[in-house]
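Thanks for making time. I have one structure to go through this morning, and I will keep to the binding site.

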Amino acid sequence: MHRAHTAFSLALSPMAHKNFATWLLSSNSSQKLIKATAAAAVRTYNSAAAEPFANGSTASYVEEMYNAWLRDPSSVHTSWDAYFRSNSYMSPPNLAPVQANTLPLSAFNFGGAVSAAPDSKTIDDHLAVQAIIRSYQIRGHNVAHLDPLEINTPDLPGNTSTKSIYANFSFGEQDMERQFKLPSTTFIGGDEASLPLKEILNRLENVYCNKIGVEFMFINSLEQCNWIRKRFETPGVLNFTPEEKRLILARLTRATGFEAFLAKKYSSEKRFGLEGCEIMIPALKEIIDVSTELGVESVIMGMPHRGRLNTLANVCRKPLNQIFTQFAGLEAADDGSGDVKYHLGTYIERLNRVTNKNIRLAVVANPSHLEAVDPVVQGKTRAEQFYRGDQEGKKVMSILIHGDAAFCGQGVVYETMHLSDLPDYTTHGTIHVVANNQIGFTTDPRFSRSSPYCTDVARVVNAPIFHVNADDPEAVMHVCKVAAEWRATFHKDCVIDLVGYRRNGHNEIDEPMFTQPLMYQKIRKHKNCLDLYADKLIAEGTVTGEEVKSVAAKYENICEEAFALAKTETHVKYKDWLDSPWSGFFEGKDPLKVAPTGVKEETLIHIGNRFSSPPPNAAEFVIHKGLMRVLAARKAMVDEKLADWALGEAMAFGSLLKEGIHVRLSGQDVERGTFSHRHHVLHHQLVDKATYNSLQHMYPDQAPYSVSNSSLSEYAVLGFEHGYSMTNPNALVLWEAQFGDFSNTAQAIIDQFISSGQSKWVRQSGLVMLLPHGMEGMGPEHSSCRLERFLQMSSDDPDYFPPESDEFAIRQLHDINWIVANCTTPANYYHILRRQIALPFRKPLILCTPKSLLRHPEAKSPFSEMSEGSEFLRIIPDRGPAADNASNVKKVVFCTGRVYYDLTKARTEKQLEKDIAIVRVEQVSPFPFDLVKEQANLYKNAELVWAQEEHKNQGCWTYVQPRFLTALNHSRDISQSDEQSTFSNSTTTTTTDNTNHESDTDSDSNSDKKSKPWLSRMFASDKSDTVTTAASATGEFNAAKHFDLKNVRHDFNRPAGDAAAPGVRKTKTGRKISYTGRACGASTATGSKAQHIRELNALLNDAIST
Ligand SMILES: Cc1ncc(C[n+]2csc(CCOP(=O)(O)OP(=O)(O)O)c2C)c(N)n1
Ligand SMILES: [Mg+2]
């Protein structure tokens, strides 16, 4: 809606309801020259103002003229006649066919005068009428009655209400009965080819300036513009049958009744009710009804807090008792930290009673971070379309629901919109519904956006925007029907802007009068939509007052019954709220068994040969000479049974594809690879779009491989791939950052979904994030993926050494929130990718990838490290002279990633191979306590050092240091109290701790103290309490309850129950690890190459010395 951008101009006067007739009488009726452009631009940002000549709207005008001229040259003004005769005009290729009901002007008897050619005034008047029609189509929405509160006067400078539509036209009252031929760009005539001016204006006023405001004339396609015009202008489109009206009323009754019931039963609970925009529920139902009728079988929705519970109850038909149970504050019956009730997702399959067709509905769980779920929903939708072979989006669709403030404020909306038409990211049209309550928390639109509408972002993708007054249910239903048909016809996005209000505060216990006193005075006096609609239907005789009451009472009974049922529940179950169930994936699986990741050597050779070959039987496919050299080098490596990084990756992908695992790699410039090493797509040098992707042609029956250069967005694309990975566990989905540094623009996806999604929503994902990382003198922004941040979010306990056994590694993986690794060899890269699929569960993998190592002569792996019997190495021990003579080794340098190669080089140069061992930690998290201990024990007499190229406050140091100490001592000393790390960065359940912790310093703590929750013990007055450690209780994931882990200790990575760990520890023994590397720093790297080299040399000198 249009709000002034100044604080003092909030207009609360009712919108001026001037219709054309009144305006005309009061305006200057002198005949003016009519301009081709209908009305003055209303705002500089108005599309019409910025319209280039011959865009959708102007072009249609010229085209109209051209049509008329073709039929009868004398029917247009002489200047147009001269223009068209000059052959300068070319009709657009998508020129709409001339309508059957159009006739040449000469067929009309204008003003009673019988003449062969009309006079120029008649022509000009016709042109004026055409211009008026076009003006309504372009600007009608500016003056439509969209705001139920009528507080949003379009305070456009000197240009209010209807004036903006026909400011430059002057017909007198005497012209009102004149008959005008209708152009082909309007459908207001129905079957009539001409209408009196008065009727033309009335119809236009009704279509464009009533309760619906259609914004569409910026769309470049004439076909699409005409399609929309037809849907709104055709007479009678807003006529509803009594049955349809009763259905709307019933749905509105449920939507309203649900909020009222919650308000009654849980008056002090936050629920982010929909009051003021209840029509959203019937609106969603209408979209789904029409879409199912048109073939859609599955709808995936993303939405924020507002009206979410109502949507689950009345759109998805989630059992009401499950929803009510969420209000009861019950303990969870299953594991996970859970989430607040208005964030949880759901998945339901049910019969749509209106269409009598089965439909699947999913609402994707989302975090508080507004709009962050948008790309996730798109990715999930895309994946579902992919697995169903729904290439045009006819069976699966997405609906995104937005708040008005978030829709215009959050950049990810724009980023997501820009995926909408990209070949590898499109979901073939999303219907966006904005629950526009004209406020965001306490901020009104004057202060939250610079655009006239909150929906303007959609214009960038040519999505039509249907603004509609949320107090007019029939107008809303019509708009929804058109939106669903639009999507089914053009498979493009569109937006429904439901303009309502918010009856209460931001949440139900918030006081809105503090900040919006005038608005809320209005709201208090405003009848709700249900009452308004019921009054209307009663008045017109469609229903009786009794019927209205009985529908409401019936629904209240349903709620009461569910309420009683909910009371009998003792626990909430997170699995009831799963949005992406993976049926069959977990069943019958040994949760502690990883399938082998090595493959037959012949498979490696086959993949290698294919990967290093041009297209078979395509001699004419011209490949760039440089790439011929790349392919030849690959072939030579294959012949030597060696793999570099790109080949190792291709081996992983190719072998998974062979096994039927779909692989999808997406990110900026991933097809070639930012560092020009991958080259998965070969481009014919002479033919546009002729490409060859050898990984798609490895085996005849392989799974599909897709590699896609993405839009230049991290937030949306990473979210998209996360959503894609949620859909089916049998796929390897990878997102690569251009450089790891840029991944932080997607931080909300990383924090809110990837690291904590399983814990909050029992949802797993095996997404791989490939993050080029390494200090190579490329300055502060091409160096670090901020490994420390990922590690800081890892949920394994630094002070707890889990019990050693053969299953150590898999148990650790099972219980952690994600895996963080930094591999140094192509073979390990290959194995860790394959392990993602070999695991009997799914975990996100955060993988630092190299830059210079891509071409490093030593960073190559023999096939023997990838073939059968080989596996991923969590740690790569020293394999040189030092290992052979371990007890004499003076120093062990532990490191991770590319710095290993610098360290070994320095060691060779200094001839310290016998004195210094270098051990690579390839899987940093979960921390390989067992193997670190083993290595430390091997070099009994050696000093232990952690060397890293990142600054001391960055990289791995802060993560590995406490874990090294735990590994080295394999026991803990309790020194002081500390809360242990939680499973994720989100805990919402209040936990109690009944653990019995061992404590060196608190040996006399009694069991009573020990059974207190950790918080109360932390802050207890009794001093002895403050040194007792405690574990916040469960918070652990149990494989989404898909398999029974009877013998698996709950959360292997953290102490549980009587094996509780202490907080900060002191080491008992003298063995410790020290740090070598850069000092703490604010930036990730220096911008000076010389300084970089100095720092690196200092690090190497320090690390490689005895
Ligand atoms: C990214 C983000 N920033 C801030 C918030 C805090 N916040 C929660 S609701 C809200 C207002 C949302 O307004 P709107 O989008 O219009 O939705 P409404 O609540 O009015 O339905 C804000 C700022 C948030 N949840 N997410
Ligand atoms: Mg709002």
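I will start with ligand 1 and then turn to the metal. Keep in mind that this is a predicted model.

Which residues come nearest to ligand 1? There are 15 residues around ligand 1, and the nearest are His 305, Arg 306, Ser 368, Asp 404 and Ala 405. By type, that shell splits into eight polar, five nonpolar and two charged residues. Helix 13, which covers residues 404-409, supplies the largest share of the shell, with three residues.

Now the polar contacts. Asp 404 places a polar side-chain atom 2.6 Å from an oxygen atom of ligand 1. For Arg 306, a polar side-chain atom lies 2.9 Å from an oxygen atom of ligand 1. Asn 437 also has a polar side-chain atom at 2.9 Å from an oxygen atom of the ligand. As for cover, ligand 1 on its own exposes 590 Å², and the protein buries 74% of that.

Next, the metal. What coordinates the magnesium ion, ligand 2? The donors are Asp 404 through OD, Asn 437 through OD1 and Ile 439 through its O atom, at 2.0 Å. Along the sequence, the spacing of these donor residues reads D-x32-N-x1-I. Are Asn 437 and Ile 439 buried or exposed? Both are buried.

To put the two parts together: Asp 404 coordinates the magnesium ion and has a polar side-chain atom 2.6 Å from a ligand 1 oxygen. Asn 437 is likewise a magnesium donor, with a polar side-chain atom 2.9 Å from an oxygen of ligand 1.

That is what I had; I will take questions now.

Methods:
Residues are numbered from 1 along each chain as its sequence is written. Chains are lettered from A and ligands numbered from 1 in the order in which they are written. This is a predicted model: local features need pLDDT of at least 70, side-chain atom pairs count only at pLDDT 80 or more; totals for chains, interfaces and linings use all residues. Side-chain values use heavy atoms; hydrogens and water are left out. A residue is near a molecule or strand if one of its heavy atoms lies within 4 Å of it. A polar contact is a pair of N or O atoms within 3.5 Å; within protein, one must be able to donate a hydrogen and the other to accept it, and residues adjacent in sequence count only if both atoms are side-chain atoms. Accessible areas come from the Shrake-Rupley method with a 1.4 Å probe; for residues, only the protein chains shown count as cover. Helices (H or I, at least four residues) and strands (E, at least two) are DSSP runs, numbered from the N terminus. Ala, Val, Leu, Ile, Met, Phe, Trp, Tyr, Cys and Pro count as nonpolar, Asp, Glu, Lys and Arg as charged, and the others, Gly among them, as polar. Donors are N, O and S atoms within 2.8 Å of the metal (3.2 Å for Na, K and Ca); water is not among the atoms, so sites may look incomplete. Buried means under 20% relative accessible area, exposed over 50%, partly exposed in between (1.4 Å probe, protein chains only).
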